[in-house]
Amino acid sequence: MIKKFSIGDFARDFGLLEEEITPECFLEFGRHNFEYSIIDPERLYNTFDSVLDGIEKKSKIISGKNRKNDWEDGWRESLENFVQSNFDVNTLTPRYYSSELEDRDNSILRMEGRYIKATSPNFLANLQRVLRKQIYSQYFKGFDNVYEFGCGSSFNFEDVFELYPNMKCVGLDWSNAAIEIINLLRQKKDWNIEGHRFDFFEPDENLDIRRNSVLFTFGALEQTGDQYEKFLQFILRKKPDLCVNIEPIDVFYDDKKILGYLGKKYHSNRNYLKNYLPRLKELEKEKKIEIFKTAKSSFGCTFQNIWSTIVWKPVW
């Protein structure tokens, strides 16, 4: 039976009250097909089998400093596709949102502790865009500058400029190809954007964070494992006006439930972001930061829950 993921489902799955949904988010939500079906028992068995197999295979690909060349190659591919498409920004959407992946079926998704089968092959990418509209319209309004750390192909900036055409955007990434993409976006699309090389593991103290700025990460801190302390201390010294992290958060998994157990195992085996929220809470107890919101997301791709939200700022 076909069901429809509603705006109320979106609010619940991302820790929002329905009255918090912004008009911009509501309009974006209405543009997409969010129909799905509950997976039948036979398909569910096969899904669990493929997830366990994927966890085993992907455990050999560990996040961290060692993957710098992998990310350079990935964003170089995005750069080449962008140029070959005559600078179509749609080509900047990362491959891991594609419905045609070798290692997983992106139409099999996590929702409220169960697996579903999305009708649209673009369900995941479209929902990410809806979430971007919500985050940007809810938290970026009134700021003059936006810094995305770990910006990759810079695809997240498209909605920033749609909502705030005069916003100054700064994309930061350790990939040379990522910075080349930013330079082309400025030249070909006239985006008010600049790019800088930045390494989470060795932050550049010469980087200036302008006044009235919001800093955000969207699935980038994930790659640091437990090696994010230098970056946190960098933020505390630079004192942006607001920080928004959309990341998979390990402590949100309930490993007494099957999807929670599998998600946490995958997260741990890949060396993804570890104990980040507890560390922020320690800093809050030390009166070094103020946490405004933490929201657990029950939505995710086949292997893990991917888009939990933490909103905070350093204490001046």
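How much space lies in the second largest cavity? In this predicted model, the second largest cavity holds about 40 Å³ of space. A search of the whole structure finds 2 cavities of 30 Å³ or more. Such a search relies on a simple idea: rolling a probe the size of a water molecule over the atoms shows where empty space is left. The lining of the second largest cavity is made by Phe-14, Leu-16, Leu-131, Gln-134, Ile-135, Gln-138, Tyr-139, Lys-293 and Thr-309. Helix H5, which spans residues 123–139, supplies the largest share of this lining, with 5 residues. By character, the lining of the second largest cavity divides into 5 nonpolar, 3 polar and 1 charged residues.

The largest cavity contains about 50 Å³ of space. Its lining consists of Pro-248, Ile-249, Phe-252, Tyr-253, Lys-296, Ser-297, Asn-305 and Ser-308. Of the residues in the lining of the largest cavity, 4 are nonpolar, 3 are polar and 1 is charged.

The strands are described next, sheet by sheet. An open sheet is formed by 4 strands in the order E1-E2-E4-E3, and the pairing is antiparallel. Strand E1 (2–4) and strand E3 (108–111) stand at the edges of this sheet; each has a single partner strand, so one side of each is left without a neighbour in the sheet. On average, neighbouring strands of this sheet are turned by 50° against each other, direction ignored.

Within this sheet, strand E2 (residues 35–38) and strand E4 (residues 114–118) are joined in the antiparallel sense by 3 bridges. Tyr-36 has Ala-118 of E4 as its bridge partner, and Ser-37 has Lys-117 of E4 as its bridge partner. Strands E3 and E4 also pair in the antiparallel sense, over 4 bridges. Here Ile-108 has Lys-117 in E4 as its bridge partner. Lys-117 is thus a bridge partner of both Ser-37 and Ile-108. The hairpin of E3 and E4 has 2 residues between the strands, and in this hairpin Glu-112 takes a positive phi near 50°. As a general point, in a regular strand the side chains alternate between the two faces of the sheet.

Helix H3 (residues 41–58) packs on the sheet of 4 strands, where H3 touches E3 and E4. The direction of H3 makes about 105° with that of E4. Arg-67 is placed in the loop between H3 and helix H4 (68–84). Is Arg-67 buried or exposed? The relative accessibility of Arg-67 is 15%, and because buried means under 20%, Arg-67 counts as buried. Leaving aside residues up to four places away in sequence, Arg-67 touches Ile-61, Ile-62, Trp-174, Gln-223 and Arg-270.

Another loop, between E4 and H5, contains Pro-121. With a relative accessibility of 41%, Pro-121 counts as partly exposed. Pro-121 and Ser-308 are 187 residues apart in sequence, and their C-alpha atoms are 22 Å apart in space. Ser-308 is also one of the residues that line the largest cavity.

A further open sheet is made of 7 strands in the order E7-E6-E5-E8-E9-E11-E10, and its pairing is mixed. Strand E7 (193–197) and strand E10 (289–295) are the edge strands of this sheet, each pairing on one side only. From one strand to the next, the twist averages 20°. Strand E6 (residues 168–173) and E7 run parallel and are joined by 5 bridges. In this pair, Gly-171 has Gly-195 of E7 as its bridge partner.

Two helices are related to the sheet of 7 strands by their contacts. H5 lies across strand E8 (213–218), strand E9 (242–247), E10 and strand E11 (308–314). H5 runs at about 165° to E9. In helix H8 (residues 229–238), the buried residues are Phe-231, Leu-232, Phe-234, Ile-235 and Leu-236. The cover over these buried residues of H8 includes strand E5 (145–149), E8, E9, helix H10 (276–285), E10 and E11. After H8 comes Lys-239, which has a positive phi near 55°.

Conventions
Residues are numbered from 1 along each chain as its sequence is written. This is a predicted model: local features need pLDDT of at least 70, side-chain atom pairs count only at pLDDT 80 or more; totals for chains, interfaces and linings use all residues. Side-chain values use heavy atoms; hydrogens and water are left out. Two strands pair if DSSP finds at least two bridges between them. Axes are lines fitted to C-alpha atoms, for helices over the stretch in contact, and angles run from 0 to 180 degrees between N-to-C directions. Contact means heavy atoms within 4.5 Å. Buried means under 20% relative accessible area, exposed over 50%, partly exposed in between (1.4 Å probe, protein chains only). On a 1 Å grid over the protein atoms alone, a cavity is a set of points where a 1.4 Å probe fits but cannot get out, and a pocket is an open set with protein on both sides within 12 Å along at least five of seven lines; lining residues have an atom within 4 Å of a point. Grid points are joined across faces, edges and corners, and a volume is the space filled by probe spheres set on the points. Ala, Val, Leu, Ile, Met, Phe, Trp, Tyr, Cys and Pro count as nonpolar, Asp, Glu, Lys and Arg as charged, and the others, Gly among them, as polar.
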